[in-house]
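Trainee: Could you walk me through this model, one question at a time?
Mentor: Gladly. Have the structure open.

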Amino acid sequence: MALWVEKHHGDAGGEFIASKIDQLSQVGEPDGARLWQDVVRRYEQLVERKSHS
């Protein structure tokens with residue numbers, strides 16, 4: 001999922017993920033929000049690795 005976000009949203013991926021977490025939290029989907037919290041951690045690792053390459 002993190003790779004998909006990076007491919008489709010690039011530098012705006014963090015903002016996209018944050019909006020997904022907010023949306024899911026607002027509609028009472030804590031499991032979905034937790035899933036995207038895991039995705040944001042992996043996305044940040046992906047971006048960090050690319051910046052060191």
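**Confidence, fold and packing**

Mentor: In this predicted model, confidence is lowest in helix α3 (residues 30–52), at a mean of 94, and highest in helix α2 (residues 13–26), at 98. The score is pLDDT, the predictor's confidence in each residue, from 0 to 100. Residues are numbered from 1 along each chain as its sequence is written. Local features need pLDDT of at least 70 and side-chain atom pairs count only at pLDDT 80 or more, while totals for chains, interfaces and linings use all residues, and side-chain values use heavy atoms, with hydrogens and water left out.

Trainee: What is the mean pLDDT of the protein?
Mentor: Start with coverage: 100% of the residues reach 70 or more. The mean for the protein is 95.

Trainee: Which pattern does the protein follow along the sequence?
Mentor: Helices (H or I, at least four residues) and strands (E, at least two) are DSSP runs, numbered from the N terminus. The protein has three helices and zero strands. Read along the sequence, the pattern is α-α-α.

Trainee: Which element gives the most to the largest nonpolar core?
Mentor: Such a core is a set of buried Ala, Val, Leu, Ile, Met, Phe, Trp, Tyr and Cys residues joined through side-chain atoms within 4.5 Å. Buried means under 20% relative accessible area, exposed over 50%, partly exposed in between (1.4 Å probe, protein chains only). The largest core has nine residues: A2, V5, I17, I21, A33, W36, V39, V40 and Y43. With five residues, the element that gives the most is α3.

Trainee: Which residues does W36 touch, leaving out those up to four places away in sequence?
Mentor: W36 is one of the core residues. Contact means heavy atoms within 4.5 Å. On that basis, W36 touches M1, V5, F16, I17, K20, I21 and L24.

Trainee: At what angle do α1 and α3 pack?
Mentor: A2, L3, V5 and E6 in α1 meet W36, V39, R42, Y43, L46 and K50 in α3. Axes are lines fitted to C-alpha atoms, for helices over the stretch in contact, and angles run from 0 to 180 degrees between N-to-C directions. The axes of α1 and α3 are 8 Å apart. Their angle is about 65°.

Trainee: Is K20 buried or partly exposed?
Mentor: K20 lies in helix α2. K20 and G32 are twelve residues apart in sequence, yet 8.7 Å apart in space, C-alpha to C-alpha. Because its relative accessibility is 25%, K20 counts as partly exposed.

Trainee: And why does G28 count as exposed?
Mentor: G28 sits in the loop between α2 and α3. Its C-alpha atom is separated by 25 Å from that of E44, 16 residues apart along the chain. G28 counts as exposed because its relative accessibility is 51%.
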